[in-house]
Amino acid sequence: MPVISWRDQMSLDYPPLDDEHKAFLEVVNQATRDLHEHNLPGIDAMFEACYDYVRNHFSLEEDVMERINFPDIDAHVAAHQQFIQNIAEFRQAYEQAATKGKKIDIAQKTVAFLSVWIIGHIISRDKMLKPYLVRLRNLPPRMSY
Ligand SMILES: [Fe+2]
Ligand SMILES: [Fe+2]
């Protein structure tokens, strides 16, 4: 897989989300390098980073969508859920693979999936938040009780 570069087209002009998207692109790029070297501990780290991304990034993004009253939130959350399911299936197949060759084969499929998914999701779905994110600038800071 080629290394993915950040493009302005991916920007939401909202650094809390943009920075996490950039960090996840780097996770995918690092996994691509690890695959070239058949570095399985690197691939294990990629799966862990996927779970971190799902836990931290999706919850932040879904919280932001609620705050800005994003109208298409249900379909977007469903896309996140589908991704969680995909990753769980790749992880299970990877864990169950009996040989290093099979693990590398599954890791290749996983990295190919991630490379396509992350760009497609940012450009087609996350990008839809951009016009609504200006509302955040006009809201008071979030309070917790
Ligand atoms: Fe998203
Ligand atoms: Fe996102």
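**A walk around a two-iron chain**

Let us start with a single residue: His80 is buried, with a relative accessible area of 0%. Keep in mind as we go that the model you are looking at is predicted. His80 makes a good starting point because a residue counts as buried when its relative accessible area is under 20%, and His80, at 0%, is buried by that rule. To see what His80 does in this model, let us step back and then return to it.

First, the overall picture. The chain contains five helices and zero strands, and reading along the sequence gives the pattern α-α-α-α-α. If you follow the C-alpha trace along its principal axes, the chain spans about 55 × 30 × 25 Å. Of the 145 residues in the chain, 41% are buried. The contacts tell you how the sequence folds back on itself: among contacts between residues at least 6 apart in sequence, 76% join residues at least 24 apart.

Now look at the outside. About 8000 Å² of the chain is exposed, and carbon and sulfur atoms supply 54% of that area. The chain carries 16 positive and 21 negative charges, and the mean positions of these two groups are 2 Å apart.

With that in mind, let us turn to the metals. Which residues hold the iron ion (ligand 1)? The iron ion (ligand 1) is coordinated by Glu61 through OE, by His76, His80 and His121 through NE2, and by Asp126 through OD, at 1.9 to 2.2 Å. Along the chain, these donors follow the spacing E-x14-H-x3-H-x40-H-x4-D. Here we meet our starting residue again: His80 lies in helix H3 (residues 73–96), while Asp126 sits in the loop between helix H4 (100–124) and helix H5 (130–137), so this pair ties together parts that are 46 residues apart in sequence. Like His80, which has a relative accessible area of 0%, Asp126 is buried, with a value of 0%.

Another donor of the iron ion (ligand 1) deserves a closer look. His76 is found in helix H3, and His76 is buried, with a relative accessible area of 1%. Leaving aside its neighbours within four places in sequence, His76 is in contact with Glu61, Met65, Phe70, His121, Arg125, Asp126 and Leu129. You may recognise some of these names, since Glu61, His121 and Asp126 are also donors of the iron ion (ligand 1).

What about the other ion? The protein donors of the iron ion (ligand 2) are His21 (NE2), His57 (NE2), Glu61 (OE) and Asp126 (OD), and they lie 2.0 to 2.3 Å from it. In sequence, these donor residues are spaced H-x35-H-x3-E-x64-D. The angles among the four donor atoms run from 79 to 169°, and the site is irregular. The two ions are 3.5 Å apart, and Glu61 coordinates both. This second site also links distant parts of the chain: His21 is in helix H1 (residues 15–36) and Asp126 is in the loop between H4 and H5, 105 residues apart. At 0% relative accessibility, His21 counts as buried.

Next, let us leave the metals and visit two helix residues. Asp63 lies in helix H2 (residues 40–67) and, at 26% relative accessibility, counts as partly exposed. Asp63 and Pro41 are 22 residues apart along the chain, and their C-alpha atoms are separated by 33 Å. Lys103 lies in helix H4, and Lys103 is buried, with a relative accessible area of 17%. Not counting residues up to four places away in sequence, Lys103 touches Leu40, Tyr94, Glu95 and Ala97. Lys103 and Glu66, by contrast, are 39 Å apart in space, C-alpha to C-alpha, and 37 residues apart in sequence.

Finally, here are two residues to look at for their backbone. Most residues other than glycine have a negative phi. Where do Asp13 and Asn69 fit in? Asp13 has a positive phi, near 55°, and Asn69 has a positive phi of about 55° although it is not a glycine. Asp13 is found in the segment before H1 and counts as partly exposed at 48% relative accessibility. Asn69 lies in the loop between H2 and H3, and Asn69 is exposed, with a relative accessible area of 59%.

Methods:
Residues are numbered from 1 along each chain as its sequence is written. Chains are lettered from A and ligands numbered from 1 in the order in which they are written. This is a predicted model: local features need pLDDT of at least 70, side-chain atom pairs count only at pLDDT 80 or more; totals for chains, interfaces and linings use all residues. Side-chain values use heavy atoms; hydrogens and water are left out. Donors are N, O and S atoms within 2.8 Å of the metal (3.2 Å for Na, K and Ca); water is not among the atoms, so sites may look incomplete. Helices (H or I, at least four residues) and strands (E, at least two) are DSSP runs, numbered from the N terminus. Buried means under 20% relative accessible area, exposed over 50%, partly exposed in between (1.4 Å probe, protein chains only). Contact means heavy atoms within 4.5 Å. Accessible areas come from the Shrake-Rupley method with a 1.4 Å probe; for residues, only the protein chains shown count as cover. Lys and Arg count as positive and Asp and Glu as negative; His and the chain ends are not counted. The place of a charge is taken as NZ of Lys, CZ of Arg, CG of Asp or CD of Glu. Four donors count as tetrahedral if all angles lie between 85 and 135 degrees; four count as square planar and six as octahedral if opposite donors are over 155 degrees apart and all others between 65 and 115; anything else is irregular.
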